[in-house]
Amino acid sequence: MSLKIPYSTVLETVEKALLNAGLSEEKAKVCATIHAQSSADGVESHGLNRVPRFVEYVQKGWVDPNGEPELVGGKGAVENYDGHLGIGITNALFCADRAMALAKEHGIGCVALKNTTHWMRGGTYAWKMAEAGFMGMSWINTESCMPLWGSDEPGVGNNPFCIAIPREDGPIVLDMAMSQYAYGKLGVYRLAGKKLPFPGGFDKDGNLTDDPGAIEESRRILPTGYWKGSGMAIALDLAAALMSNGNCGSDMDEANNGSCTGCSQIFIAYDPYLFGSREEIQAMLNRRVAAADASHPEREGSPVTCPGERTIATREKSMKDGVSVDEQVWSQVVAISEGNLDTEDIASK
């Protein structure tokens, strides 16, 4: 069952939970803000829903709350950092900031991060760059959780990719996994007792299905675009590992320390006005978005929008009416904030 909880209550409760998990006051506040904002934007799968698992990983030693990014090397507009298995959110925020600092100096900035942990909602860092006036691009590799096209067992990560366009009238932000649905989204539908809007994978008998629970059980999520999503996933995996000199997906499979532990991430920021004025670039962006949004809808009352346009409306609604949270997940987070949930209990959920 879904509940509506005031944003301030979500923020305060998550912060208390993270303090109980051993985070410093500063890191607990930063991470709580990202988790709460993600849920407020309608991405509860990587917002509030991830808090219990994050706490579990901290308690297992898979995430080091004291780990900090360390500069390994740099050349011109490119820097490489070791994340030391620190908190994925704070590591990624640091690297997004460094990419933008490099872009201010060079016009483009690239930061490659190795040995880090789950960054939660990938779009967070693309939004951050776009809202600061940069075109942003970022991606991550993960352990194998999706079959390569033609296989019936996980062999590649779904390796989310994000790109953000700094449109002043509202950024256009694409945040997508290389699977039709990320596992977090499957969990959202399963907890709500709903079927997927479109088939998202195969059941244990190899039948295409819209049953999220059956896909979670088989671990045969469907690559976006079939063989194209599969191919893109392996390319993103290799590119992230190559650029950071870090782990590839099969390295994480061998370590078997949970979701994204020891992963590689890339952050690229680009000055949008290198070769054009602000006025002409923004006019072009508005012109293109207006043309896209004017596309005739296949169903009356369901207008076509560009990626990210609905996010701002969802955010405003959440701030006014409360953040949508799953009742079971909320009870777990509240319990952690009260110090009443141990690792085994979290894992059993």
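**Exercise 1. Place T116 and find out what surrounds it.**

T116 sits in strand β4, which covers residues 108-116; strands here are DSSP runs of E with at least two residues, helices are runs of H or I with at least four, and both are numbered from the N terminus. Keep in mind that this is a predicted model, where local features need pLDDT of at least 70, side-chain atom pairs count only at pLDDT 80 or more, and totals for chains, interfaces and linings use all residues. Residues are numbered from 1 along each chain as its sequence is written, and side-chain values use heavy atoms, with hydrogens and water left out.

Step 1: is T116 buried or exposed? Its relative accessible area is 0%, so T116 is buried (buried means under 20% relative accessible area, exposed over 50%, partly exposed in between, with a 1.4 Å probe and protein chains only).

Step 2: list the contacts, meaning heavy atoms within 4.5 Å. Skipping neighbours within four places in sequence, T116 is in contact with L85, G86, G88, N91, C260, T261, G262, C263 and Q265.

**Exercise 2. Follow two of those partners, L85 and C260.**

Step 1: start with L85. You'll find L85 in the loop between β3 and α4. L85 has a relative accessibility of 25%, so it counts as partly exposed. Now check its backbone: phi of L85 is near 55 degrees, a positive value in a residue other than glycine.

Step 2: go on to C260. This residue belongs to the loop between α9 (249-255) and β13 (263-270). With a relative accessible area of 3%, C260 is buried.

Step 3: what does C260 touch, not counting residues up to four places away in sequence? The answer is T116, T117, H118, I140, N141, T142, E143 and M252. You can also look at S144: C260 and S144 are 116 residues apart in sequence, but their C-alpha atoms are 9.6 Å apart in space.

**Exercise 3. Look at M120 and G193, each with a positive phi.**

Step 1: M120 is in the loop between β4 and α5 (123-131). Its phi is about 65 degrees, although M120 is not a glycine. The relative accessible area of M120 is 6%, so it is buried.

Step 2: G193 comes just after α6 and takes a phi of about 70 degrees.

Step 3: look back at helix α6 itself, residues 183-191, where the buried residues are Y183, G184, L186, G187 and V188. Those buried residues pack against α7 (212-218) and β12 (220-221).

**Exercise 4. Classify two aromatic pairs.**

Step 1: get the recipe. A pair of aromatic rings is described by the distance of the centres and the angle of the planes. Rings of Phe, Tyr and Trp (its six-membered ring) pair if their centres lie within 6.5 Å; planes under 30 degrees apart count as stacked, over 60 as edge-to-face and the rest as tilted.

Step 2: how many aromatic pairs does a search of the whole structure find? It finds 10.

Step 3: try Y81 and F94. Their ring centres are 5.2 Å apart and their planes are at 80 degrees, so this pair is edge-to-face. Y81 lies in strand β3 (residues 78-82) and F94 in helix α4 (residues 88-106), 13 residues apart, and the pair links distant parts of the chain. Y81 is buried at 6% relative accessibility, while F94 is partly exposed at 31%.

Step 4: now try W149 and W227. Here the centres are 5.9 Å apart and the planes at 65 degrees, so this pair is edge-to-face. W149 is in the loop between β6 (146-147) and β7 (154-156), and W227 is in helix α8 (residues 227-244), 78 residues apart. W149 is partly exposed, with a relative accessible area of 41%, whereas W227 is exposed at 52%.

Step 5: one more thing to find in the structure is the aromatic cluster formed by W119, Y125 and F267.

**Exercise 5. Check the surroundings of L3.**

Step 1: L3 lies in strand β1, residues 2-5. Its relative accessible area is 22%, so L3 is partly exposed.

Step 2: leave out residues up to four places away in sequence, and L3 touches V323, S324, V325, E327 and W330.
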